[in-house]
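Dear colleague,

I am passing on the structure we spoke about, and below it I have set out what came out of going through it. Please read the notes with the structure open beside them.

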Amino acid sequence: MRRFDYYQPKSLEEASALMADLGSEASIIAGGTDLLVEIKEELRKPRHVVDIKKIPGLRDYSYDAETGLRFGALVTARDLEIWAPVIEHYPNLRTAVAALGSIQVRNRATVVGNVCRASPSADTIPPLIADGASLSVYNRGDERQIPIEDLFTGPGRTVLVPGDIVTGISVPPSRPQSGRAYIKHGRRKAMELATVGVAVSLERDGDTCTEIRIALGAVAPTPIRARNAEALLRGRAIDPAAFTAIADAAMAESTPISNVRASAAYRRDMVGVLTRRAIGQAMGGV
Amino acid sequence: MTVHDLPVATRQTFSVVGKSVKRSDTLEKVTGSAVYAGDIILPGMLHGKIKRCEIAHARIKAIDTSKALALKGVKAVLTHENVPRVLHYGSPHPRSASVTRDQYILDDRVRYWGEGVAAVAAVSEEIAEEALGLIEVEYEPLPAVFTVEDALKPGAPALHDNGLDENNVLPPVIVERGDIEQGFAEADLVLEGEYELGRPTAAYMEPNICVTQWDGNGKLTIWSSTQTAFMVRGALAEVLGVPLNKVRVVVDHMGGGFGAKQDLFQHEFLAALLARETARPVRMEFSRKETFFGGRSRHPGKIWLKQGFTRDGRITARQARVVFNSGAYGSHSPGVTNVGTAAMTSLYRCDNVHLEGRAIYTNTPIAGAFRGYGVVQTYYAIDLQVDEAAEKLGFDPAEFKLKNAVREGDIAPSNHPIVGHGLEDCIRRGMAESDWHTARKAPKGDGVKRRGWGIGCEMHGSSAYPGIKEQGNAIVKMNEDGTVTLLTGTAGLGTGAHTALSQIVAEELGVPFEDIAVVQGDTDVVPWDIGAFASHTTYMGGRAAQIAAADVRRQVLAHAAPMLDAAPEDLTIVDGLIMRTDGSNRSIPLGEAVAPQRGMPAIQLVGVGTYTPTKSYSFGAHFVEVEVDTETGEVAVLQVIPVHEIGKIIHPVAAAGQIEGGIQQGIGHTLSEDYVIDLTNGRSLNPSFVDYKMPLSMDMPPIRTIILETAPDPGGPWGAKGVGEDPIIAIGPAIANAIHDAIGVRFRHYPITPENVLDALRAKSKEA
């Protein structure tokens, strides 16, 4: 493993200042399940690694029916996976965190880390986008919110700038008559990257779909919203016969690549199948 | 003592054999104290690394190592310019004809993407790694071929100069019996198909590793993760130009091998040379990526198969052309081609066969030995086509396979008559356990998900005899307190083999299992063994241990006879007690009988056993239920009922473990595992576990394992036969046949990916 300098700041201010000083050759480490593997494989070669685990206050997570779910940057996938409010109110996020790596990995991996890694195939991102979640970002005394949907600029790339420390994620509360689903397509059940991931979150009023968000993973340079597909259902009566047209629209919005995991054509096909299934599942949860 | 064809002892009751005793390596493994090659840390030890090429075929014009040598901490750099140039074989089976001398330790030419071109020893792994980046290699690219089709084309670049045309690794293997023309003339139905084989790899948990050290007398000790310690010793001695007593190979525990660790690898030579050059120990361990680049895969390739069948369900003719892709070097291709091709004479009876087997060099990673050794491939083709014939002729596939199953006295692929055949038993029992006819008639479902059942069959020889003139050896010593030490050359690659051998010795001697200690894995100490492959260890090493133990037993009884006023033949040993068999109740504890007497030296009780085999076959039939998602193409294996006939079972849990592990590997090979090579440049596309996906525990269906003892072998210990190779063979065709039952599509390749299923379903609905 390549050598790097290791820092262990004790406060947000210190961490942020350090990251701003060190610039682009520094990486933040929390769980390290992705970063350390990539350093070993020489996929990333940071000269500096800044450990944020000694910063207080980042391990908290809470749920409130009015304000929703909030979790800090050090909250692990496993924390959320086994926490009753997530299981009850966010079955989509729950499915996603439970599908991430293995239990051993989930005991260390943080959800914020999974998001900030900005992998197009990250499991936790599509449900968080579909739910309209946002990041809290700290930078040398300033704080700002970034909708997760606006975070990504390319594979592994985000709008974050040197000195930014993502302190946590907020997810809006679940409302009555809402449903959520995430379906991951992989080659096996654990220790797997999504070939395609589809998240659907929707709200209805009687037979009418009042709001829907569809987020697709692993079929574009970043996770994306399938807005044309959403528009076919938003504000309209829910008719299973129309699901196929919605699925077709989602397929048209995806721009997958071919690689050793699957061909572009297969990925696009799966966007169709899984979008249809995820809408059905989300409806079932209403 | 050499014993041929010893009659099997007729024993009805067993005290240790047949019981799932606590494995003798359990405690050290769960406490982490078991020593693997990677645990060896020696004073002054250096770390070695191999620089690998990123081009599939090239001549090395120049290598500049000056910058690497100048790096602080680098102690030596080896290239083709400063290592001995000795042409050697990779598959180290000097007793068989099946070796190909086509490798140099380092050559001035590279033949596949990922081949080693240089090696560094440095004071740390990091520095060695850094030094690799400082070695500058200038290549002159050569035209490359990646598929057997391209390698066989006229004018294709020749990879080796071995006197054979068209990149053949060995002269074509021809197996002929009867008259196929007459056979096809008698046929009512002729089926013909081409079967395409993927490139699964063994993916053992412990990467290849060795630690090398030379002593002041010019003797090399190498701790290596190898299945074939004596073969490594032989090849190293030959290439390094030293006698056998100057090479000591030590391998205590191993983290798996599955056949692929019975080659000689570049790093073993290079670590030995780096240690000699620096006069310091050298440790060299593959990264996971290197286990793909520098390891060995199963042979990919193609099988063209044509068979004739009569309306009443006989197979009249079988013709096949097998073309294996050997990769850049010959490795085990001669053995795999011979065994895989000859296997097609049998399984399902057919008097008229004409088989041609070839192995072809290409500029791809090396294919080598791997559990199932050529037979996985050829029986996949046969079983799928026989299944198809059953359907076309209106037979139930299990009934059809039962009707054609190999029988007692049939000539086996080894050209021996089959003694002890179990295939019919396996098929019958599996049909009963699965309630086969009901299962096959059950609705397949009319929704998105469809279900189906399939059967696949196999047989596999125990030991590589007669292809390799094998023998099993053992030394058994009884200590002066009645406890026992077994010295065996068999390797412990994680299968529990030494537990089984201890059970055999305990049973033969009449002592408790806990009284047996095993010394193994040190070529300076233990008797010669060919290695852990070809379902050899329990069958060959176990029989030799039994013979050696029987020898000690005779000596003990002769020694104790005067103490009990009886003739030796009127004595027995039960649970460590020497007893008269006349009902007189006179007995003496074993430890007391062999204890040193006052003023007398201890009696030396040493038995030596050597066993050369007859030919024995184990049999199996797998019954599988699958569910196919017709929208995603995903195939889920819902349950497997494997039925294996393996003669006397020594350790039921270990035997079942072999079977269930083989099924897990086989499911992977059939549905997902494929080491993919970019056909434009020869680069490996998935040399890591991120994209080479094996099924894990979460993916495994329930397995209802059934082991039969109905056809014991006259040679093995109490009739025991091998089980290691078998379980990976039948699962593939069983899955493919079950997929057909579920969705009516016959695939003729593996792995069968979701994408393949979806494409086939679309093609089918277009046709309809």
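In this predicted model, the buried residues of helix 11 of chain B pack against strand 17, helix 10 (375-393), helix 12 (423-434), helix 13 (436-441), strand 19 (449-462) and helix 18 (727-743) of the same chain. Helix 11 itself covers residues 397-404 and is mostly covered, with six of its eight residues buried; these are B:Pro397, B:Ala398, B:Phe400, B:Lys401, B:Leu402 and B:Asn404, so you will see that a lysine and an asparagine are on the list of residues that count as buried, a term that requires 20 or more other C-beta atoms within 10 Å.

Strand 17 of chain B, one of the elements that helix 11 packs against, spans residues 315-327 and is joined by nine bridges to strand 18 (residues 353-361), the two running parallel. Within that pairing, B:Arg321 has B:Glu356 of strand 18 as its bridge partner. Both strands belong to an open sheet of six strands in chain B, in the order 10-18-17-16-11-30, and the pairing in this sheet is mixed. Strand 10 (173-177) and strand 30 (749-750) stand at its edges, and because each has a single partner strand, one side of each is left without a neighbour in the sheet.

Just after strand 30 there is a detail of the backbone to look at: B:Tyr750 and B:Pro751 are joined by a cis peptide bond, with omega about -5 degrees, and B:Pro751 is found in the loop between strand 30 and helix 19 (754-767) of chain B. A second cis peptide bond runs from B:Tyr465 to B:Pro466, with omega near 0 degrees; B:Pro466 is in the loop between strand 19 and strand 20 (472-478) of chain B.

Chain B also has an open sheet of three strands, in the order 7-3-9, in which the pairing is antiparallel. Its edge strands are strand 7 (109-110) and strand 9 (136-141), each of which pairs on one side only. Strand 3 (residues 58-64) is joined to strand 7 by two bridges, and the bridge partner of B:Arg59 in strand 7 is B:Arg109.

Elsewhere in chain B, strand 13, helix 6 (residues 229-240) and strand 14 make a right-handed β-α-β unit. Strand 13 (residues 220-224) and strand 14 run parallel and are joined by four bridges, with B:Val249 of strand 14 as the bridge partner of B:Ile222. Side chains in a regular strand alternate between the two faces of the sheet. Strand 14 (residues 247-250) has a covered face, made of B:Val247 and B:Val249, and an uncovered one, made of B:Arg248 and B:Val250.

As for the interior, the largest nonpolar core has 312 residues, and those with the most contacts inside it are A:Val200, B:Val505 and B:Ile735. Helix 15 (residues 537-560) of chain B gives the most to this core, with twelve residues. If residues up to four places away in sequence are left out, B:Ile735 touches B:Gly454, B:Val624, B:Val626, B:Val637, B:Ile667, B:Thr670 and B:Leu671.

Turning to the two chains together, 18 residues of chain A are in contact with 16 residues of chain B. On the side of chain A that touches chain B, helix 11 (residues 264-284) of chain A gives the most, with four residues, and by class that side has nine nonpolar, two polar and seven charged residues. Chain A is divided into domain 1 (5-49), domain 2 (61-171) and domain 3 (178-284), and the centres of domain 1 and domain 3, taken over C-alpha atoms, are separated by 34 Å.

Lastly, there are two residues other than glycine with a positive phi that you may wish to look at. In A:Gln177 phi is near 60 degrees; this residue is found in the loop between strand 10 (165-171) and strand 11 (178-185) of chain A, and A:Gln177 is partly exposed, with 13 other C-beta atoms within 10 Å. In B:Ser535 phi is near 50 degrees; this serine is in the loop between strand 22 (516-520) and helix 15 of chain B, and B:Ser535 counts as buried because there are 26 C-beta neighbours inside 10 Å.

With best regards

Note on methods
Residues numbered from 1 in each chain as written. Chains lettered and ligands numbered in written order. Predicted model: local features only at pLDDT ≥ 70, side-chain atom pairs only at ≥ 80, totals over all residues. Core = buried A, V, L, I, M, F, W, Y, C linked by C-beta atoms within 7 Å. Buried ≥ 20, exposed ≤ 12 C-beta atoms within 10 Å, placed from the backbone. Contact = placed C-beta atoms within 7 Å. Pairing = 2+ DSSP bridges. Right-handed = clockwise from strand over helix to strand, strands pointing away. Nonpolar A, V, L, I, M, F, W, Y, C, P; charged D, E, K, R; others polar. Domains from an automatic or database assignment.
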